[in-house]
Amino acid sequence: MNIIRFCFGICGNVTALFLFLSPLMTFRRIIKSKSTQQFSGVPYIMTLLNCLLSGWYGLPFVSPHNILVATINGIGAVIEGIYVVIFMIYAPKKDKLKLMVLLALALITFASVSMVSLLVIHEHETRLFFCGLAATIFSINMYASPLSVMKLVIRTKSVEYMPFLLSLFVFLCGTFWFVYGLLGGDPFITVPNGFGCVLGALQLILYAVYRNPKGKAVVADDGASVMPPPPTTTTTTACSSPEEDDDFIELGFEKPLQKTAATCVDDTRIDVL
């Protein structure tokens, strides 16, 4: 049983690492343009807090036999910390103060949980419950972040903003850790990851429902073309570069809506999914 649980933990580590690395394309774009554009830094700070709390929960003196939880969340905390620093560097001045306040609150929250569990709570079961509850709340919050993207998919009837591989790995990550928690009888791992498993499955269902054939033109509900009007200074419209089109929406982070995937045929812009 322990070997099977360990294998599911390793699979959970691999899929979780993929999710942590998924914003790399977004940050390449931010660094290249030296601007955070319309991206939000809030999800990165919240994910950082989740990693810190979950990693703390996985430490042996809090939750024995959950070292795999501590290792992957420790790695995730480092990755998310780097994301937050980069975002702070390129964020507009008016947003930097808000992000700094939110980051301070996140760090204070983690420090409070860790200090209380160390200095105030001395019974193991009480410490386990206290740290596990805190980690569960923010894990559910992290998994719930794609809800805004799912709403966008339903409204636009397009999966442009919900990449298949990302949805697949959300489902796999939640499933692996859900089973890991079940095998260990740990509700603080089972509950949030069970939620993530269900949410990932819903994303895959949405993808299957709203996936359109490649090259299908986007048409408004009234049948009118949704192509933007031609510019007044030229008769042609430049297409977005392949590098820009490679950017995608990571977990819960919406791509700026003014960017539209397009293809050029004979100097004509045709919007496609």
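These legends go with a set of close-up views of a predicted model.

**View 1. The whole chain is mostly helix by element count, with ten helices and two strands.** Reading from the N terminus, the order is α-α-α-α-α-α-α-α-α-α-β-β, so the two strands come after the helices. The protein has 273 residues, and 42% of them are buried. The close-ups below pick out pieces of this fold.

**View 2. The largest cavity holds about 290 Å³ of space.** The structure has two cavities of 30 Å³ or more, and this view is about the largest one. Its lining counts 20 residues, and those nearest the centre are Ser-54, Asn-73, Ser-139, Trp-177 and Asn-193. If you're thinking about the chemistry of the wall, the split is 14 nonpolar, six polar and no charged residues.

**View 3. Six helices each give at least two residues to the lining of the largest cavity.** They are H1 (2-21), H3 (42-57), H4 (67-90), H6 (124-143), H8 (164-184) and H9 (187-210). Which helix gives the largest share? That's H6, with five residues of the lining.

**View 4. Helix H3 is largely enclosed by the rest of the structure, because 14 of its 16 residues are buried.** Its length also checks out: at 1.5 Å a residue, H3 should span 22 Å, and its end C-alpha atoms sit 23 Å apart, which agrees. H3 turns up in two other views, as one of the helices lining the largest cavity and as the home of Tyr-44 in the ring pair that comes next.

**View 5. Phe-27 and Tyr-44 make one of the 13 aromatic pairs in the structure.** The ring centres are 5.0 Å apart and the planes meet at 70°, so this is an edge-to-face pair. Phe-27 belongs to helix H2 (residues 24-33) and Tyr-44 to helix H3, so the contact ties together parts that are 17 residues apart in sequence. Are these two rings buried or exposed? Phe-27 is buried at 3% relative accessibility, and Tyr-44 is buried too, at 1%. Zoom out a little and ring pairs link Phe-27 and Tyr-44 with Tyr-83 and Phe-87 into a cluster.

**View 6. Phe-164 and Tyr-207 form a tilted ring pair.** Here the centres lie 5.2 Å apart and the planes are at 55°, so the pair counts as tilted: edge-to-face would need an angle over 60 degrees. Phe-164 sits in helix H8 and Tyr-207 in helix H9, so the pair joins parts that are 43 residues apart in sequence. As for accessibility, Phe-164 is partly exposed at 37%, while Tyr-207 comes in at 19% and counts as buried, because the cut-off is under 20%.

**View 7. Arg-5 lies over the face of Tyr-180.** The distance to the ring centre is 3.9 Å. This one is a charge over a ring, so it makes a handy companion to the ring pairs shown above.

**View 8. Lys-34 and His-65 are two loop residues with positive phi, though neither is a glycine.** For Lys-34, phi is about 55°, and the residue lies in the loop between H2 and H3. His-65 has a phi near 70° and is found in the loop between H3 and H4. Both count as exposed: Lys-34 at 62% relative accessibility, and His-65 at 69%.

Terms used. Residues are numbered from 1 along each chain as its sequence is written. This is a predicted model: local features need pLDDT of at least 70, side-chain atom pairs count only at pLDDT 80 or more; totals for chains, interfaces and linings use all residues. Side-chain values use heavy atoms; hydrogens and water are left out. On a 1 Å grid over the protein atoms alone, a cavity is a set of points where a 1.4 Å probe fits but cannot get out, and a pocket is an open set with protein on both sides within 12 Å along at least five of seven lines; lining residues have an atom within 4 Å of a point. Grid points are joined across faces, edges and corners, and a volume is the space filled by probe spheres set on the points. Helices (H or I, at least four residues) and strands (E, at least two) are DSSP runs, numbered from the N terminus. Ala, Val, Leu, Ile, Met, Phe, Trp, Tyr, Cys and Pro count as nonpolar, Asp, Glu, Lys and Arg as charged, and the others, Gly among them, as polar. Rings of Phe, Tyr and Trp (its six-membered ring) pair if their centres lie within 6.5 Å; planes under 30 degrees apart count as stacked, over 60 as edge-to-face and the rest as tilted. Buried means under 20% relative accessible area, exposed over 50%, partly exposed in between (1.4 Å probe, protein chains only). A charge sits over a ring if NZ of Lys or CZ of Arg is within 6 Å of the ring centre and within 35 degrees of the ring normal. The expected span of a helix is 1.5 Å times one less than its number of residues.
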